[in-house]
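Student: I have a new structure open and I'd like to walk through it with you. Can we take it piece by piece?

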Amino acid sequence: MAREHFDVLIIGAGLSGIGAGYHLQKLCPNKSYVILEQRKQIGGTWDLFRYPGIRSDSDMLTMGYSFRPWTHPRAISPGDDIRDYIADTARDAGIDRNIRFLHKIKTASWSSQQANWTVAAVRKLPDGGEEPVTLTCNFLLSCAGYYRYSVGYSPEFPDASRFQGHIVHPQAWPEDLDYAGKRVVVIGSGATAVTLIPAMARTAGHVTMLQRSPTYIVSMPEQDRIYNWLRRFLPAMWAYRLSRLKNVGYMTYVYQLARHYPNFVKKGILNKVREHLGPDYDVETHFNPRYNPWTQRLCLVPDADLFEAIKSNRASVVTDQIETFTEKGILLKSGKELEADIIVTATGLIMQILGGIELFVDGQRIDPGASLAYKGVMISGVPNLASVFGYINASWTLKADLICNYVCRLLNLMDRKDVRQVTPKNGGESAVANFVENFSSGYVQRAVATWPKQGSKSPWRVYQNYFRDIVSLKWSSLDDGALEFSSPPKASTDPALAGGPLKKSVA
Ligand SMILES: Cc1cc2nc3c(=O)[nH]c(=O)nc-3n(C[C@H](O)[C@H](O)[C@H](O)COP(=O)(O)OP(=O)(O)OC[C@H]3O[C@@H](n4cnc5c(N)ncnc54)[C@H](O)[C@@H]3O)c2cc1C
């Protein structure tokens, strides 16, 4: 039976996958595409995470799409509104008609002879069973995010089974968890912990943030007053674009300042925390990290909500180490015991490349960790594959938009050249850095070996800089010598040509 075939197959219907659909429809209107999504609805991260208070930790003026203004008054937005924004975009542009839900992709195999991918997925059936589904496509665009969906990261805690209360991971939040009046201990000090704590503290008896070491925490207004003011008299798209530019500029400035003058930025952040918590609070112990600002992601809290919860004694911070779990809670190395009814392990994610899909090129299994990243988008030696990975120091969508635009330009160039295959070819460049460099967060360190590496110079570098990426992905020539354009041999009656992999390189 003939397999269904598409020009482009997009993996994932999250923020990036819907953005990719939009770009393809606009810039490559003649291309057929399909989105395969393992879950039963749109939204990815913003559908999966359901813990109390779930919200963005960057502003939606930069995390929204370049082509669709964010019109809610809150720039630091609740997760539900983000999910609606993604779903509305899909519905309004008719992208939702191209999504196949409950399809989990397992393998993708490239054939140079056919110049296409064979994608093997399993579809979940209404009765709980599964059936295999196989499709083919010319180009594979991974919008599968960067972490494993099935389960989050949780270290082995000694004697965790002794604890008599509930242990909950934010990635699998039980819908019916009742924490009103309860004593809650949240293990962790990252973005999830600082989001959860003020939200739970509104009704919980008390919430304790238990951290091994502190994180930089910065308060930002929940509403962008300049944007909300501009919207009163400018068309929505103008106000959005101007405010987006302002915020990208500001974020880039702060990041560069932190990299070049870390002590200055550190002092500024700690002074602000002191202003929020008052002179008697032990900021040195609980809010002064061992690392420099922006060598891990800064944690943002809207309108100082975490500090307000601490000031009103609804929440507190303990900086210590876990000796063991007990029946009643957690015994710390200092000898203190934290009693709890609920323990939340806000201990992070497990990073995963390409949605856990196994890749094969002409029968050979590909190890992305042994390859180089081309412009942070493609993988050396792997034809017709691009994947979206956003910024670690700015909003994800800024880069997702640039990558999707780049892929469309590439597809159009291939059409103009009349070629079917494009492959980044590493002509002697060595791996000199990890895909994400100068970033010490645990979830990145645990996984970075399995991600492609960076070379020493462009186009083998992965920038964490929107303005550089505009030049690299939008304004630079596509035909840069590192991409090889080719086609499989045409069916020929000449016996000398039959069966041979005749490459038509036009690079
Ligand atoms: C709690 C949390 C908060 C965050 N907050 C911010 C923020 O404020 N700002 C910011 O810029 N970034 C933030 N991020 C990063 C965030 O993931 C991105 O902003 C954005 O949601 C990524 O979109 P995506 O579509 O690329 O990936 P995802 O949202 O992860 O979506 C990927 C989709 O691919 C599907 N998929 C994966 N593998 C397969 C497969 N094998 N087969 C089929 N389908 C598959 C998934 O089911 C999912 O729907 C946050 C991340 C988390 C976890």
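Tutor: Sure, and keep in mind that this is a predicted model. Let's start with Ile35, which lies in strand β2, residues 33–36.

Student: Is Ile35 buried or exposed?

Tutor: To be called buried, a residue needs a relative accessible area under 20%. Ile35 passes that test, so we call it buried: its relative accessible area is 0%.

Student: Which residues is Ile35 in contact with, leaving aside its neighbours within four places in sequence?

Tutor: Contact here means heavy atoms within 4.5 Å. With those sequence neighbours set aside, Ile35 touches Ile10, Gly12, Ala13, Gly17, Ile18, Ile95, Asn98, Ile99 and Arg100.

Student: Tyr443 is 408 residues from Ile35 along the chain; what separates their C-alpha atoms in space?

Tutor: Here we go from sequence to space. Although Ile35 and Tyr443 are 408 residues apart along the chain, their C-alpha atoms are separated by 28 Å.

Student: Now the ligand. Which residues are closest to it?

Tutor: The ligand has 32 residues around it. The closest of these are Ser16, Glu37, Asp57, Tyr149 and Trp396.

Student: How many Å is an oxygen atom of the ligand from an N or O atom in the side chain of Ser16?

Tutor: A polar contact needs a pair of N or O atoms within 3.5 Å. A backbone N or O atom of Leu15 is 3.1 Å from a ligand oxygen. For the side chain of Ser16, the value is 2.5 Å.

Student: Taken alone the ligand exposes 980 Å²; what percentage of that does the protein bury?

Tutor: Start from the ligand by itself, with 980 Å² exposed. Of that area, the protein buries 96%.

Student: Which element gives the most residues to the shell around the ligand?

Tutor: The elements that give two or more residues are α1 (15–27), α2 (45–48) and β4 (103–111). With three residues, the one that gives the most is β4.

Student: What span should helix α7 have, given its 25 residues?

Tutor: The expected span is 1.5 Å times one less than the number of residues. The end C-alpha atoms of α7 are 36 Å apart, and this agrees with the expected value, which is also 36 Å.

Student: Last one: which helices do the buried residues of α13 pack against?

Tutor: Helix α13 covers residues 466–475, and its buried residues are Tyr466, Asp469, Ile470, Ser472 and Leu473. From the other side, what covers the buried residues of α7 includes α13. The buried residues of α13 pack against α7 (236–260) and α11 (396–417).

Notes. Residues numbered from 1 in each chain as written. Predicted model: local features only at pLDDT ≥ 70, side-chain atom pairs only at ≥ 80, totals over all residues. Heavy atoms only, no water. Near = heavy atom within 4 Å. Polar contact = N/O pair within 3.5 Å; in protein donor to acceptor, adjacent residues only side chain to side chain. Areas by Shrake-Rupley, 256 points an atom, 1.4 Å probe, with all protein chains shown as cover. Helix = DSSP H or I, 4+ residues; strand = E, 2+ residues; numbered from the N terminus. Buried < 20%, exposed > 50% of the residue type's maximum accessible area, 1.4 Å probe, protein only.
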